[in-house]
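Student: Please take me through one part of this model closely. I would like the packing of the side chains, and then whatever sits beside that packing.

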Amino acid sequence: MTLQRKLLLGFSLMVVPALLVGVQAVRTNGLVRGTLESLGERLARSRTYAEVEDAMFNQTQVIWRYLGGDPAARQEFPLTEQVVDYWLDRWAASLPPDELHLAAGVRGIETDIRSVAVRVFKLHDAGQHAAAAVLARQELVERLQPALAEVNREIYRRAREFSVQAAFTQVAAIVDAERRVLWGIIGLALVAGLVASWLIARGVARPLSELQRAMAVVGAGDLDHEIQPRSRDEIGDLARAFARMTEQLRQSHAQLVQSEKLASIGQMAAAVAHGLRNPLASLRAAAQLAQHRVDAPAAREQLGAIVEQVDRLDLRIAHLLTFSRPTPFRPLRESARTLVEGALSGFSDLLRQRHVELTLTFADPLPEIRVDPMRLEQALTEIVSNALDAMPEGGKLHIATRLADGDGGGEGVALELTDTGPGIPAEILPNLCEPFFTTRPEGTGLGLAIAKRYVEEAGGRLAITSTPGRGATVRIWLPMASGEAAAAPARSHA
Ligand SMILES: Nc1ncnc2c1ncn2[C@@H]1O[C@H](COP(=O)(O)OP(=O)(O)O)[C@@H](O)[C@H]1O
Ligand SMILES: [Mg+2]
């Protein structure tokens with residue numbers, strides 16, 4: 001996961017609780033508003049019913065006024081009927097279905113009032129004033145008004161219960177639920193915050209501090225400190241870049257140390273070699289002269305041995321001088337085959353004496369390579385002589401060349417020299433190319449150091465692999481001479 005995504009995920013987790021609080025607030029607001037709206041409706045209905053009650057009271061007052069001797073009241077009565085109808089209809093229209101029976105009750109009483117009014121008016125008009133008053137009292141005051149009061153009680157009870165009390169209960173429930181949800185959100189915020197902090201710490205802070213520690217260690221000079229980039233994000237990329245940089249530093253540091261070592265060894269070796277060569281030449285000349293003058297075969301043989309040992313010493317000194325006096329590199333275009341054949345030309349006798357079977361495989365065609373031919377032949381000579389030294393009792397030496405790409409992807413030629421000697425123990429493999437590293441009493445330990453130097457100055461690579469007990473392989477890769485088109489048979493990686 002990229003760093004950007006990790007940060008985004010961490011912060012989103014932190015924002016989630018705030019979002020939930022917002023959602024909860026909006027939801028609660030909706031619920032409270034609904035409750036208030038239904039409360040408002042109930043209150044408006046109660047006000048309408050108050051108008052109904054008022055109109056019905058006025059109606060009975062009109063009857064009493066007529067009985068009291070106000071003839072205009074008789075014309076007013078139909079008007080009161082219209083007013084009552086108007087408010088009753090409005091009130092009934094606003095009632096929920098379960099309260100419609102209340103409207104029916106009120107309507108029944110109103111119908112009764114109207115029929116009582118007709119009968120009372122009739123009696124009064126017929127001159128039976130006392131009877132009309134009695135009827136009005138019996139019907140209106142004693143029967144219908146108590147019935148209406150009963151219905152009113154029911155209506156107001158319901159209004160109380162279903163408006164204010166219901167709203168109160170609903171709001172209390174909403175507040176309760178909200179409190180629970182808010183506690184839940186607080187808990188969630190705690191968990192989400194912890195998870196997000198953990199994610200950010202794990203994904204960002206930890207790799208960064210690991211990298212910082214590694215940088216401090218490398219900065220203090222420990223170039224071998226291993227850097228393991230674990231994350232696959234931008235910090236991982238940074239760690240990988242740092243690891244590559246450290247590796248390059250390590251290599252150039254090693255090269256620097258090596259060349260400083262070589263330079264000082266070279267200076268010393270050159271001085272010693274020069275000092276030895278002249279006395280050795282005199283020694284050799286003297287031994288050869290004495291050989292001619294002495295007759296005793298045993299003494300001649302010993303003098304011959306002296307000459308032979310002096311030659312050997314001279315060869316070693318020549319080795320030392322080659323190594324210590326770097327001459328300028330003169331590259332030419334050359335074919336790998338010519339180089340191999342040139343290097344092998346001096347070995348035909350030795351190969352036969354040692355019973356070493358030589359096989360060659362040249363890929364054809366192969367592009368030319370850019371090398372200093374003298375030096376590369378010398379490098380090959382060192383490697384072949386090592387192989388022969390490793391197989392005193394005979395064996396097989398196989399030399400193969402083929403087209404191959406280098407580490408950096410450049411095209412070139414690979415040369416592989418494989419022997420069937422005892423091989424090389426893994427623990428000394430890294431030291432083979434160090435100057436003066438040798439396991440042979442006769443050795444100078446300079447052969448592979450020289451070979452590696454010559455290969456690398458031509459822009460190539462030298463690597464040695466071995467299966468102990470079965471032999472060793474020296475693999476050399478050299479870059480193709482520029483302008484060569486890679487004619488391409490089997491291509492592989494060097
Ligand atoms: N083909 C090989 N098989 C086994 N050991 C080898 C081979 N080539 C090199 N070596 C080892 O590498 C060492 C260094 O080789 P080199 O630098 O040529 O020095 P020298 O030949 O003088 O010992 C040898 O002493 C030997 O132990
Ligand atoms: Mg050698």
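Tutor: What follows starts at the largest nonpolar core and works outward.

This is a predicted model. The largest nonpolar core has 45 residues. Six of them touch the most other members: Leu380, Ile383, Leu462, Ile464, Ile476 and Leu478. Helix H9, residues 373-390, is the top contributor, giving seven residues. Where does the core lie with respect to the domains? Domain 2 (234-323) and domain 3 (329-493) both supply residues, so the core lies between them. In soluble globular proteins, nonpolar side chains tend to be buried together.

Take Leu462 as a probe of this core. Leaving out residues up to four places away in sequence, Leu462 touches Ile383, Cys433, Ala451, Lys452, Val455, Val474, Arg475 and Ile476. Two of these partners, Ile383 and Ile476, are also on the list of residues that touch the most other members.

A second core lies apart from this one. It has 33 residues, including Tyr49, Val62, Tyr66 and Ala117.

Aromatic rings come next. There are five aromatic pairs. In one, Tyr66 and Phe121 have ring centres 5.0 Å apart and planes at 85°. An angle over 60 degrees counts as edge-to-face, so this pair is edge-to-face. The two residues come from distant parts of the chain, 55 residues apart. Tyr66 is in helix H1 (residues 3-67), and Phe121 is in helix H3 (residues 100-125). Are these rings buried or exposed? Tyr66 is buried, with a relative accessible area of 10%. Phe121 is buried too, at 4%.

Tyr86 and Trp87 form another edge-to-face pair, with centres 5.0 Å apart and planes at 75°. Here Tyr86 is partly exposed, with a relative accessible area of 46%. Ring pairs also join Tyr49, Trp91 and Tyr156 into a cluster. Tyr49 of that cluster is a member of the 33-residue core as well.

Now the ligand. Ligand 1 has 17 residues around it. The nearest are Asn386, Asp419, Thr438, Thr439 and Arg440. Which polar contacts can be named? The side chain of Asn386 places an N or O atom 2.8 Å from an oxygen atom of ligand 1. For the side chain of Arg440, the corresponding distance to a ligand oxygen is 2.7 Å. Leu448 takes part through its backbone: one of its polar backbone atoms is 2.9 Å from an oxygen atom of ligand 1. Asn386 falls within the range of helix H9, residues 373-390, the helix that gives the most to the largest core.

Last, the backbone. Most residues other than glycine have a negative phi, and most peptide bonds are trans. Three sites depart from that pattern.

Asp364 and Pro365 are joined by a cis peptide bond, with omega about 0°. Pro365 sits in the loop between strand E2 (356-362) and strand E3 (369-371).

His355 is not a glycine, yet its phi is positive, about 55°. It is found in the loop between helix H8 (348-353) and E2. His355 is exposed, with a relative accessible area of 63%.

Phe436 also has a positive phi, about 70°, and is not a glycine. Its loop runs between strand E5 (411-419) and helix H10 (447-457). Phe436 is partly exposed, at a relative accessible area of 37%.

Conventions: Residues numbered from 1 in each chain as written. Chains lettered and ligands numbered in written order. Predicted model: local features only at pLDDT ≥ 70, side-chain atom pairs only at ≥ 80, totals over all residues. Heavy atoms only, no water. Phe/Tyr/Trp six-rings, centres within 6.5 Å; stacked < 30°, edge-to-face > 60°. Helix = DSSP H or I, 4+ residues; strand = E, 2+ residues; numbered from the N terminus. Buried < 20%, exposed > 50% of the residue type's maximum accessible area, 1.4 Å probe, protein only. Core = buried A, V, L, I, M, F, W, Y, C linked by side-chain atoms within 4.5 Å. Domains from an automatic or database assignment. Contact = heavy atoms within 4.5 Å. Near = heavy atom within 4 Å. Polar contact = N/O pair within 3.5 Å; in protein donor to acceptor, adjacent residues only side chain to side chain.
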